[in-house]
Amino acid sequence: MGTEGGNLTWHPRAQWGLWNEGQVTRRENGFAQFTPVSGGVIDSGLSYAVTSFVDTKNNASRRVQWGWANEENNNFAINQAGYQGAVTLPREMYVIKTKDLINADGGLTTKGNTRVVEHSNGTFTGYTLGARPLPEVVEGLRQNAQRADINTVDTWTTSLLAGKGSSHMELKVTLSNATGPAGVIIASSPGGEEQTVIWYSPENYTINVDRSRSSGIDQFANYTMLGYFYPYTFSNGTQESLHMDIFIDGSLVEVYVNVSLRELTSQTVTDHCRTASGSQLASTQLVLTALGTASGSTRTSQLTYLT
C-alpha cells in the first residue's frame, strides 16, 4: 500500500510506500477486521508504486516486489536522455526472525516495524519484514564481474581513501561500534567537488544519503534522503552491526541495510564523469569516512564492478 501526500521536511516527496503486519479477526456483523501490530515504509527513498506477486513459476512460497524510481531532475534533458524513470532491482520479501534480544533502552517494544514476543527469561524474539535483491538476479549481475576486497584499518577516525569505484558496482560495507556518524563516499570527483555520502548516525538511528554535492547541475534534487535503522541489542550485551549492500547503476543507487526493509533508493547524477553523449563514466574515488569526531571499525569490504 502507499500514500499520496504526507511529505515532511525530512521526506519532501509526496509519496510513501508502506507495509503492515496485522491480525485478522471476524467481527460480530461477519465482516473482517484488520488490526495492525507492526508496520513501516517499504522504501525510504524514491521507490514508489510498489507491486508484488507470488512467484508461482519458480517458487510458490516466494513473494517478489518491484518498485518504480522516478526522476528528480525537474525535467532537465528529458528528451536528450530518451527515458523517464527506472525500475528497482526485483526484491524478495520475507519475514526476519531474530532471537535472544533485550529491551536495552525501551526502543525494542515501541510500536514500529518490529513485532516482539517476550519470553519467561526476559529476552525477546523480534519479527519484521525483510527485502533483499533476488539472489538469481544478483548472481547474474556478478557473472564475469571483477571483484576486489578492500582491506581497511581496524579503527579509523577520519576519511580514508579506499580505492576506485565504478558507475556500475556493488559495494558491501560492515560498520561496527561506531561512536558517531560514519559511512562511505561514492561518486567522488578527484578534488571532492562532487560526491555522494552514505552514512549512518547512531545518535538518531538514521541512514543518510547526502546528495548536497552529488551534482553540479542545478536542476537535480540535492536534499538528503533519510531511512531508519534501530540496531538490535542481544542478551550478551553486544549490538547488531550494520551491513550495507549498495548497488550503483549509473545514476540509480540502492542501499540495503541488514537485508530488512531499511532500504533507500536514490538518484545521484554527477557532472564530472560525463561524456559528450551524456553517458556516465566510472566514479573515480571510493572513501570510507568518519564525520566529525566519530570512530568505528569495519571488516573487509567487498567491491564488485558490474559490467
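This report describes the fold of a predicted protein model, its strand pairing, its salt bridges and a few single residues.

The model is predicted, and local features need pLDDT of at least 70, while side-chain atom pairs count only at pLDDT 80 or more and totals for chains, interfaces and linings use all residues. Residues are numbered from 1 along each chain as its sequence is written, and side-chain values use heavy atoms, with hydrogens and water left out.

## The chain as a whole

The secondary structure of the protein chain comes to two helices and 23 strands, where helices (H or I, at least four residues) and strands (E, at least two) are DSSP runs numbered from the N terminus. Of the 307 residues in the protein chain, 47% are buried; buried stands for under 20% relative accessible area, exposed for over 50%, and partly exposed for values in between, with a 1.4 Å probe and protein chains only. The accessible surface of the protein chain is about 15500 Å², and carbon and sulfur atoms hold 50% of that surface; such areas come from the Shrake-Rupley method with a 1.4 Å probe, and for residues only the protein chains shown count as cover. Among the contacts in the protein chain with a separation of 6 or more, 61% are between residues 24 or more positions apart, a contact being heavy atoms within 4.5 Å.

## Strands and their partners

Strands of a sheet pair through backbone hydrogen bonds, in either a parallel or an antiparallel way. Here two strands are taken to pair if DSSP finds at least two bridges between them. One open sheet has three strands in the order 1-2-3, with antiparallel pairing. Strand 1 (2-4) and strand 3 (32-43) stand at its edges with a single partner strand each, so one side of each is left without a neighbour in the sheet. On average, neighbouring strands of this sheet are turned by 40 degrees against each other, direction ignored; for such angles, axes are lines fitted to C-alpha atoms, for helices over the stretch in contact, and angles run from 0 to 180 degrees between N-to-C directions. Strand 1 and strand 2 (residues 15-26) run antiparallel and are joined by three bridges, and Thr3 stands opposite Trp16 in strand 2.

Further along the chain, strand 15 (residues 206-210) pairs with strand 16 in the antiparallel sense over four bridges. The side chains of strand 16 (residues 225-228) alternate: Met225 and Gly227 point to one face and are buried, whereas Leu226 and Tyr228 point to the other and are not.

Which residue in strand 16 is the bridge partner of Asn208? The partner is Leu226. Asn208 itself lies in strand 15 and counts as buried because its relative accessible area is 5%. The side chain of Asn208 makes a polar contact with the side chain of Thr206 at 3.1 Å; a polar contact is a pair of N or O atoms within 3.5 Å, where within protein one must be able to donate a hydrogen and the other to accept it, and residues adjacent in sequence count only if both atoms are side-chain atoms. Leaving aside neighbours within four places in sequence, the contacts of Asn208 include Val197, Trp199 and Met225.

## Salt bridges

Side chains of opposite charge can pair when their charged atoms come close. The structure holds ten salt bridges, each being a side-chain nitrogen of Lys or Arg within 4 Å of a carboxyl oxygen of Asp or Glu. Three of them are listed here.

| Pair | Closest N and O atoms |
|---|---|
| Glu254 and Arg91 | 3.0 Å |
| Glu92 and Arg132 | 3.3 Å |
| Lys172 and Asp245 | 3.3 Å |

Glu254 forms a salt bridge with Arg91. Glu254 lies in strand 19 (residues 252-257) and Arg91 in strand 7, so this pair ties together parts that are 163 residues apart in sequence. Both Glu254 and Arg91 are buried.

Glu92 and Arg132 meet through their side chains. Glu92 lies in strand 7 and Arg132 in strand 9 (residues 124-133), so the pair ties together parts that are 40 residues apart in sequence. Glu92 is buried at 13% relative accessible area, while Arg132 is partly exposed at 30%.

Lys172 is bridged to Asp245. This pair links distant parts of the chain, with Lys172 in strand 12 (residues 168-176) and Asp245 in strand 18 (residues 242-249), 73 residues apart. Lys172 is partly exposed, with a relative accessible area of 30%, and Asp245 is buried at 14%. Arg142, Glu170, Lys172 and Asp245 are linked in a network of salt bridges.

## Two residues with positive phi

Most residues other than glycine have a negative phi. Asp100, in strand 7 (residues 91-102), has a positive phi near 65 degrees and is partly exposed, with a relative accessible area of 36%. Asn144 also has a positive phi near 65 degrees; Asn144 lies in the loop between helix 2 (135-142) and strand 10 (146-150) and is exposed at 78% relative accessible area.
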